[in-house]
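Biologist: I should like to understand how this protein is put together. Could you show me the structure and then take my questions in turn?

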Amino acid sequence: MVLTDELRDDYQRAFATCVIREERAAEVEALTETLLTQRARYQTVGERLNLPWFVVAALHHADTGCDFEVHPHNGDPLTDRTQHLPDGRPVEGEPPFTWEDSAADALRLYHLDQWRDWSIAGTLFMLEGRGGWGYRLHHPEVPSPYLWNYATHYRQGKYVTDDTWNENALAQRCGAAVLLRRLAECGLIEFAATGEPVAWPLLHYDETVASPWIEALQRFLNTLPGFFVKVDGRAGPRTSEAFRQFTGLDWPGDRPSGHPE
């Protein structure tokens with residue numbers, strides 16, 4: 001798989017629209033607290049490999065449920081090298097292994113130490129790769145639960161083995177992207193920026209250029225009683241007047257209303 005512009009947009013859109021299921025909110029909150037209490041350990045491993053601590057944390061939960069007594073590779077006990085695939089890990093050192101040494105070995109094995117794009121899209125691309133590309137390649141109607149379980153994006157359907165698909169099966173563990181979304185909502189993590197910087201303010205009066213931010217605003221305004229604006233992404237007079245009526249504020253570059261869009 002290659003992180004194309006189309007795939008990058010898909011990740012960014014999915015993360016922006018990620019809504020945690022109400023019945024799972026308390027569990028996600030508790031999981032977030034768990035990750036934060038162990039942040040120093042995740043940070044230690046991340047600094048060794050030049051990775052964000054939250055990537056280490058999200059993978060730890062996704063792969064072993066935050067168990068510090070087992071190898072992150074496959075859940076085998078740290079008292080010996082791994083016995084199941086991948087077996088014989090870590091190659092260096094002697095058992096019993098510390099979780100930090102085993103985690104660093106696992107992340108190197110996944111080549112995460114060679115990845116440098118820790119933007120939202122770059123992070124989710126690497127996490128989905130760890131969970132497996134089967135959903136995206138063979139069941140694109142089902143977003144990978146490795147990323148999106150506990151969010152409204154994911155309903156059901158799961159690989160119960162590497163090669164066996166069950167459309168009625170349900171994933172059990174919170175998705176890695178969902179945990180990152182909650183950490184971001186709490187202002188606890190920041191992703192690397194990519195591409196051109198965003199021109200603020202996003203809601204700028206300009207009838208000549210369509211904007212996805214204006215389109216999103218227009219859709220929202222149309223959900224309010226008595227608001228009827230054309231959804232075209234262009235900040236014309238009616239959209240501007242509706243925004244002014246809703247917020248009491250003017251947009252930069254606005255002009256007096258009085259003619260239809």
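The questions and answers below concern a predicted model.

Biologist: How many of the residues of H4 are buried?

Modeller: A residue counts as buried under 20% relative accessible area. The residues of H4 that meet this rule are Trp53, Phe54, Val55, Val56, Ala57, Ala58, Leu59, His60, His61, Ala62 and Thr64. H4 is therefore mostly covered, and the number buried, out of its 12 residues, is 11.

Biologist: Which helices are included in what covers the buried residues of H4?

Modeller: Contact here means heavy atoms within 4.5 Å. By this rule, the cover of the buried residues includes helix H2 (25–37) and helix H3 (39–49). It also includes H5, H6, H8 and helix H9 (176–185).

Biologist: How far apart are the end C-alpha atoms of H4?

Modeller: H4 has 12 residues, and the rise taken is 1.5 Å a residue. The expected span uses one less than the number of residues, which gives 16 Å for H4. The distance in the model agrees with this expectation, as the end C-alpha atoms are apart by 17 Å.

Biologist: Which residue follows H4, and what is its phi?

Modeller: The residue that follows H4 is glycine 65. Its phi is positive, near 65 degrees.

Biologist: Which helices each supply at least two residues of the lining of the largest cavity?

Modeller: The largest cavity holds about 80 Å³ of space. Its lining consists of Val56, Leu59, His60, Asp63, Pro72, Trp99, Ala103, Ala106, Leu107 and Tyr110. By class, these divide into eight nonpolar, one polar and one charged. The helices that each supply at least two of the lining residues are helix H4 (53–64) and helix H5 (99–109).

Biologist: Which residues are the closest to the centre of the second largest pocket?

Modeller: The second largest pocket contains about 640 Å³ of space. Its lining has 27 residues, and by class these are 14 nonpolar, nine polar and four charged. Helix H6 (120–131), helix H7 (134–138), helix H8 (145–148) and strand S1 (158–159) are the elements that give two or more residues to this lining. The closest to the centre are Gly131, Tyr135, Tyr146, Lys158 and Tyr159.

Biologist: How many residues apart in sequence are the parts tied together by arginine 41 and glutamate 100?

Modeller: The side chains of arginine 41 and glutamate 100 meet in a salt bridge, with 2.7 Å from N to O. Arginine 41 lies in helix H3 and glutamate 100 in helix H5, so the pair ties together parts whose separation in sequence is 59 residues.

Biologist: Is glutamate 100 buried or exposed?

Modeller: A residue is buried under 20% relative accessible area and exposed over 50%. The relative accessibility of glutamate 100 is 16%, so glutamate 100 counts as buried.

Biologist: Is aspartate 250 buried or exposed?

Modeller: Aspartate 250 forms a salt bridge with arginine 244, and the closest N and O atoms are 2.5 Å apart. Arginine 244 has 22% relative accessibility and therefore counts as partly exposed. At 55% relative accessibility, aspartate 250 counts as exposed.

Biologist: Which residues are linked in a network of salt bridges?

Modeller: The count of salt bridges in the model comes to 16. A network of salt bridges links Asp10, Arg13, Glu128 and Arg136.

Key: Residues are numbered from 1 along each chain as its sequence is written. This is a predicted model: local features need pLDDT of at least 70, side-chain atom pairs count only at pLDDT 80 or more; totals for chains, interfaces and linings use all residues. Side-chain values use heavy atoms; hydrogens and water are left out. On a 1 Å grid over the protein atoms alone, a cavity is a set of points where a 1.4 Å probe fits but cannot get out, and a pocket is an open set with protein on both sides within 12 Å along at least five of seven lines; lining residues have an atom within 4 Å of a point. Grid points are joined across faces, edges and corners, and a volume is the space filled by probe spheres set on the points. Helices (H or I, at least four residues) and strands (E, at least two) are DSSP runs, numbered from the N terminus. Ala, Val, Leu, Ile, Met, Phe, Trp, Tyr, Cys and Pro count as nonpolar, Asp, Glu, Lys and Arg as charged, and the others, Gly among them, as polar. Buried means under 20% relative accessible area, exposed over 50%, partly exposed in between (1.4 Å probe, protein chains only). A salt bridge is a side-chain nitrogen of Lys or Arg within 4 Å of a carboxyl oxygen of Asp or Glu.
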